[in-house]
Amino acid sequence: MRQFLVFVRKEFYHIFRDKRTLLILFGMPVVLIVLFGFAITNEIHKAQIAVLDNARDAFSSRLVSRLTASGYFEVNRYLSSRAEVEPAFREGDIKLVVVIPEKFGHNFHHAKKAPLQLITDSSDPNTATTLTNYANAIVMQYQEEMGGKMELPLTIQTAVRMEYNPSLKGVFLFVPGVMTLILMLVSAMMTSITITREKELGTMEILLVSPLRPLLIIAGKVVPYIGLSFIISLLILAMGAGVFAMPVKGSLVLLLLECILFGLTALSLGILISTITNSQQTAMMISMMGLLLPTILLSGFVFPLESMPVALQVISNIFPAKWFIIILKSIMLKGGGLQQVWLPTLILSGMTLFFLALSIRNFKSRLS
Amino acid sequence: MQPIVVQHIHKSFGSVKALHDISFTVEEGELFGLIGPDGAGKSTLFRILATLLLADKGNAYVNGSDVVKDYRSVRRHVGYMPGRFSLYQDLTIAENLNFFATIFSTSVEENYELIRDIYEQIAPFKDRPAGKLSGGMKQKLALCCALVHKPRVLFLDEPTTGVDPVSRQEFWEMLKRLKSKGIPILVSTPYMDEAMLCDKVALIQKGEIMQINTPAAIVAGFGRQVWAVRAKNMYHLLKDIRAFEGTHSCFAFGEFLHVTLDTDESALQKYLRPLQHEDLVIRPAQPGIEDSFMQLMLEQNETT
């Protein structure tokens, strides 16, 4: 037991004496959370638009002020002719042009029909669709106000409620994603690097020629990272709650236990990587390509899994990140308990045991 | 019981033969040297004895335990110092030493007697990270770490490579002292002068042992007269002597050429005279272990 404690203490010396390690461990979570929370967002906020108002009457100007009052749009400039539309898009700032024809108000009241053109920059199709949807909704609302509620003989009334995230904050999606990413990074990459470092420096040679059991060597290297990944989970949750008012609707204890479970899954992956490589460089590459990319792309963190081809959806099942994000969203946003997350929890536990068994089988008590 | 017994060890890496039919024994309290150039297979042999590699063929016993079957018991009782500096560079001297003492379930205090001589030399720097020590101090620390659990056998793989001459000398004095405490030591070195300091040496090249004997016997077994030859232009001299048909061997050896002849010395004199070498000196010399090694190497190259 004393051997084990001394081993763990030695590991902490390595961590706290290496500035780079410390930076990755504690700088990265903060940077990523801030980055995803503030900078990288797909919410529409003050999109720049241009207005070509040929009518110049009270109705048209009120329409424009409605658009800007929503907060989604900001008028960047007013155009004076149709010919200026193209150049405006080319400059790049303008995402949407509203073209209001002549006699807009007059036509609305007398001809009972007023055309309105929305031209979008569809080089980014998602944004373009979102913008036209928002603009359409605002125009419809404006129309109702102008013409009064039209009583149609038959109507379907849709009532929409945005459950679990009523204000549609993107950050609610990103906090679980970043948490997954960081835990994966810290646990898998750092452990695989720290074990391969011993191989590279030749210290593994001495450790092997000692009475230490391989299991004890591995455990001694990994235990500090279990503790660190737990502290980092707390850090991210605290930042999520403090800076972005991210709720934790379910049980905090369950959430933390799940974090430890995922930490273990990632650690077992890290150990597995370290058993198949001998250099820090390769270990890092494998963790980057094999773990980080799928965690970002195939976990439902950035891109919705449902809209991916079936093949990719099937592949995504083998990445632990997908299941952890499901668990996090369920507990944090929906207030889910163990009844709701037992399946992903079971899958993660199974994966952990599998990876651990594989690494123990792979671990060599000799050099080759 | 002989502390180290090696019997017909073979080891290949792919098509490269690293070790070929290696056999030797090290007696109680003996300082046994493995002498050979880089790439001779010395480190591979150490790793096999330290249970880190498996031999393709042959057996080896350390303290009577088989290095394959009883590898755990071997690991408990050997002190192994790899060829490359293999301590934690970011840990201080004291931390490294305590760490290695603890993982062998002992403490520095318990076996301080054994390492005191060596440790006292590096103790003034005990709070300095191992990575920031000089080459000589690193090796002293590594030796301390290999000794701290009071091993019954010591394996030292090129402990003096990359170490300055003064530290090398100190290091060998330490080994002698350890030997006097009854610890058998297997040490490898590429330096011929260090071979003379061993009780017994095995000359090894290309994975094969060429000769095992005491250094004195190896030197005595060198049956030829050695001539030390010097001139102003050594390069020309070397080329000329090698071109002489009566030359058996000719190697550069410090500021002289060591030459052995199939004819007598006067023939060489006669051959060199018309070539007009300035400041030519030819005089008899005592053969050293390096001469023997070169001789054996030459013979091995001729047979293969």
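## Notebook: strands, helices and a two-chain contact

I began with strand 12 (247-253) of chain B, which is joined to strand 13 (residues 256-261) of chain B by six bridges, the two running antiparallel. Helices (H or I, at least four residues) and strands (E, at least two) are DSSP runs, numbered from the N terminus, and two strands pair if DSSP finds at least two bridges between them.

Before going on, I noted what I am looking at. This is a predicted model, where local features need pLDDT of at least 70, side-chain atom pairs count only at pLDDT 80 or more, and totals for chains, interfaces and linings use all residues. Residues are numbered from 1 along each chain as its sequence is written, while chains are lettered from A and ligands numbered from 1 in the order in which they are written.

**The four-stranded sheet of chain B**

I looked up a pair across strands 12 and 13, and B:Ser249 stands opposite B:Thr260 in strand 13 of chain B. I then traced the sheet: it is open, has four strands in the order 12-13-11-14 (chain B), and pairs antiparallel. Which strands stand at the edges? I found strand 12 and strand 14 (281-285) of chain B there; each has a single partner strand, so one side of each is left without a neighbour in the sheet. Neighbouring strands are turned by 30° against each other on average, direction ignored.

Next I checked the helices. Helix 10 (residues 265-272) of chain B lies across strand 11 (226-230), strand 13 and strand 14 of chain B, at about 160° to strand 14 of chain B. Helix 11 (residues 289-303) of chain B also packs on the sheet; this helix touches strand 11, strand 12 and strand 13 of chain B and makes about 130° with the direction of strand 12 of chain B. Axes are lines fitted to C-alpha atoms, for helices over the stretch in contact, and angles run from 0 to 180 degrees between N-to-C directions. Contact is a matter of C-beta atoms, placed from the backbone, lying within 7 Å.

**Strands 3, 9 and 10 of chain B**

I moved to strand 9 (residues 200-205) of chain B, which runs parallel to strand 3 (residues 31-35) of chain B with four bridges between them. B:Phe32 has B:Lys200 as its bridge partner in strand 9 of chain B. Strand 9 also has five bridges to strand 10 (residues 208-213) of chain B, this time antiparallel, and there B:Gln205 stands opposite B:Glu208. The hairpin of these two strands of chain B has two residues between them, and B:Lys206 takes a positive phi near 50°.

**Positive phi elsewhere in chain B**

I found B:His8 with a positive phi of about 50° although it is not a glycine; B:His8 sits in strand 1 (residues 4-13) of chain B. Buried or exposed, or in between? With 13 other C-beta atoms within 10 Å, B:His8 is partly exposed (20 or more would be buried, 12 or fewer exposed, with C-beta atoms placed from the backbone).

**Where chain A meets chain B**

I looked up the contact: 22 residues of chain A touch 23 residues of chain B. On the side of chain A, helix 1 (2-17) and helix 8 (203-208) give two or more residues, and helix 1 of chain A gives the largest share, eight residues.

Terms used. Contact = placed C-beta atoms within 7 Å.
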